[in-house]
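Hi everyone, thanks for coming. I'd like to walk you through one structure today, so let's put it on the screen.

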Amino acid sequence: MLRKSAPSDLAFNAIVYVFLAFVFVVTFYPFWNILVVSFNDATDSVRGGLYLWPRVFTAESYRSIFRNEELLGSVQVTVLRTVIGTPLSVLAVSMMAYALSKRELIAWRWFSLFFIFTMYFGGGLIPTYMVIKSLGLIDSFWVFIFPGLIGVFLMILIRTYMEQLPAELEESAKMDGANDLQLFARVVLPLCVPVLATVALFVGIGHWNSWYDSYIYTYKPGLKTLQAVLVKILNQYQTGAMVSEAEQLANSSKRIPVSGESIRMAVTMVATLPIVLVYPFIQRFFVKGIMMGAIKS
Amino acid sequence: MERAFATSTGRTRTVRMTLASKIYKQRYLLLMLLPAFIWAVFFCYLPMAGLYMAFVNYKPALGGFWTNLFHSPFVGLDWFRYFFHNGDFLKIMRNTVASTMLTLVISFPVPIAIAIAISEVKGTLFKKTVQTASYLPHFISWVIAANIIVTMLSSGGIVNDVLKFLRLTDESILFLQEGRYFWWIVALGNTWKEMGYNAIIFLAAISSINLDLYEAARVDGAGRFKQIRYITLPHLKPTIVILLILALGGVLNAGFDQHFLLGNGLNQDYSDVLSTYSFRYGLQNSMFSYASAVGLFNSAVAFLLVVMVNFASKKLNNQSLF
């Protein structure tokens with residue numbers, strides 16, 4: 001069995017392993033590096049040269065996040081929109097998918113076209129802003145929920161899944177006198193749990209990551225999401241609005257510290273953490289789902 | 001049913017009755033469709049109607065948006081003319097196309113290479129670790145990605161440290177302050193963010209290749225380079241062609257996030273793309289109608305491109321993307 005590998009195969013293996021190791025380092029190391037800097041003393045970080053391990057270990061940056069009302073409030077808003085928005089979206093999208101999975105639906109073609117068109121054409125930034133303003137959604141929590149309630153692509157994902165369910169199950173429930181609502185809630189939804197979990201992950205991550213709606217549709221500090229606050233911090237850093245380290249440390253309890261590599265990294269880490277936490281589920285549902293979809297198409 | 005319309009009025013009524021009874025029979029289905037329908041009307045079709053802004057001189061006044069809109073003076077295509085004839089148009093188009101094309105050239109082959117490499121590795125642990133790390137960047141927001149990129153590229157960041165270590169530069173390069181690096185930063189950033197995730201679809205395609213083919217090639221004395229050249233790549237070709245065509249359809253869709261978040265006053269000559277330009281003129285300079293016209297130009301051309309791309313893929317594969 002132990003066949004001697006050809007020299008070209010050895011070279012091949014070397015190339016493959018080195019390349020993949022490079023991919024690993026390039027994708028993983030940046031996260032490790034921000035973790036290291038976030039746990040390093042803010043004043044010491046300015047010296048640079050932090051690569052693999054904190055030089056002066058401290059959790060002070062994280063503590064200052066929890067002392068900062070703006071940051072703490074933004075975490076709350078982000079959690080709230082994710083927790084409220086995700087189930088509402090999943091429910092609305094799956095109801096829509098169920099209705100459109102019935103080809104006998106009145107004007108099925110027109111409804112499909114009506115929705116699919118929105119995937120390829122839209123009003124764009126300014127008209128959308130104006131409409132949202134005219135609906136009174138500016139500075140309202142619901143601006144995080146309603147404009148993004150439906151994802152037509154997600155609907156197609158769920159609909160495809162529903163269409164592959166054995167028709168007999170619904171038929172027999174129909175015989176027992178169940179109406180469409182009961183069929184949907186009692187027969188179809190329980191069977192769709194895998195695809196619904198995938199879609200919920202999709203939507204939930206989208207809510208957690210979204211910054212744009214909070215950035216342009218809300219002005220109240222109480223409605224700024226974590227990502228929107230992080231944009232602000234990034235902008236301040238980019239425009240070089242640096243204050244001296246001392247001043248920044250003195251202010252860190254009251255407002256967002258302007259410079260402070262460590263604190264910017266700590267906020268970045270806090271924003272990344274939930275994604276890492278749902279990662280096992282991503283592996284289980286999401287990636288498999290994509291694989292399946294790809295194989296089928 | 002068709003004949004019913006043509007004959008007596010009595011029968012027409014039965015047709016109407018059947019429609020009404022059909023609606024009644026499907027009332028729960030229609031009810032379930034209602035939230036999505038309302039959503040589409042309010043957040044997709046009303047903004048599309050609002051695109052009328054691009055053809056008037058919209059001035060915010062006391063009334064609501066729609067009242068103001070229909071009382072604003074009609075200016076025809078003036079805003080489009082203004083866009084095409086002022087000096088910004090060429091620059092914005094150059095930036096948009098340069099950024100998306102450079103992204104395409106760099107970010108397209110990398111996932112293919114990753115997928116092939118992963119499929120050639122035997123050990124599961126190594127494979128899993130690499131894969132798991134490689135799609136993490138896809139799931140984080142561009143805000144986090146931009147924070148990471150800005151940090152890595154700063155004067156004391158790791159990229160400059162490595163360049164100095166390799167003696168490629170003596171002074172720190174200010175990557176984000178000099179415009180000429182910008183397209184490369186976006187292209188490499190896009191590649192970094194999506195390469196692991198985009199490899200999934202190629203991995204799926206590779207996993208569907210019949211293993212006997214490799215066995216036969218081995219018997220014939222083909223090394224592993226040759227197996228990739230003559231078996232794996234030809235089998236990936238349909239997937240590659242479809243994805244390439246799709247990517248060409250998005251040539252005007254330079255992502256707003258990366259250009260907005262990584263762009264700054266110093267690199268604006270290179271970082272300003274259609275979407276950020278429209279954003280700046282609309283929400284920061286309050287030139288609402290002009291910004292709408294730029295946005296409409298962007299979506300209309302992008303839509304045409306998608307239609308063309310769909311047509312091309314139909315021709316090639318006899319299957320529609322829609």
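Let's begin with the nonpolar core, in fact the largest one here: 121 residues belong to it, and A:Val93, A:Met96, A:Ile158 and A:Val199 have the most contacts inside it. Which helix gives the largest share of this core? That's helix α4 of chain A, residues 69–101, with ten residues. Chain B takes part too: domain 1 (2–71) and domain 2 (84–317) of chain B each supply at least three residues to this core.

Let's zoom in on A:Val199. Leaving out residues up to four places away in sequence, A:Val199 touches A:Val90, A:Val93, A:Leu154, A:Leu157 and A:Ile158. There's also a second core, separate from that one, with 18 residues, including B:Met195, B:Ala199, B:Phe202 and B:Leu203.

I should say right away that this is a predicted model. So how much confidence goes with chain A? Its mean pLDDT is 86, and 87% of the residues in chain A reach 70 or more. Among the elements of chain A, α4(A) has the highest mean pLDDT, 96, while helix α13 of chain A, residues 245–251, has the lowest, 46. Two stretches of chain A need a flag. Over residues 241–250 the pLDDT stays under 50, and the model has 14 contacts for them beyond four places in sequence. Over residues 252–259 it also stays under 50, with 23 such contacts in the model.

Now chain A as a whole. You'll find 15 helices and zero strands in it. Of the 297 residues in chain A, 40% are buried. Take the contacts in chain A with a separation of 6 or more: 70% of them are between residues 24 or more positions apart.

Here's one residue to look at, A:Ser262, which sits in helix α14 of chain A, residues 261–277. Is A:Ser262 buried or exposed? It counts as buried, because it has 29 C-beta neighbours inside 10 Å, and the cut-off for buried is 20 or more. Its C-alpha atom is 9.3 Å from that of A:Asp44, although the two residues are 218 residues apart along the chain. Among the residues that A:Ser262 touches, not counting those up to four places away in sequence, are A:Val37, A:Ser38 and A:Ser61.

Last, where the two chains meet. Chain A puts 74 residues into the contact, and chain B puts in 74 residues. On the chain B side, helix α3 of chain B, residues 27–50, gives the largest share, 15 residues. That side divides into 52 nonpolar, 19 polar and three charged residues.

Conventions:
Residues are numbered from 1 along each chain as its sequence is written. Chains are lettered from A and ligands numbered from 1 in the order in which they are written. This is a predicted model: local features need pLDDT of at least 70, side-chain atom pairs count only at pLDDT 80 or more; totals for chains, interfaces and linings use all residues. Helices (H or I, at least four residues) and strands (E, at least two) are DSSP runs, numbered from the N terminus. A residue is buried if 20 or more other C-beta atoms lie within 10 Å of its own, exposed if 12 or fewer, and partly exposed in between; C-beta atoms are placed from the backbone. Two residues are in contact if their C-beta atoms, placed from the backbone, lie within 7 Å. A nonpolar core is a set of buried Ala, Val, Leu, Ile, Met, Phe, Trp, Tyr and Cys residues joined through C-beta atoms within 7 Å. Domain bounds come from an automatic or database domain assignment. Ala, Val, Leu, Ile, Met, Phe, Trp, Tyr, Cys and Pro count as nonpolar, Asp, Glu, Lys and Arg as charged, and the others, Gly among them, as polar. pLDDT is the predictor's confidence in each residue, from 0 to 100.
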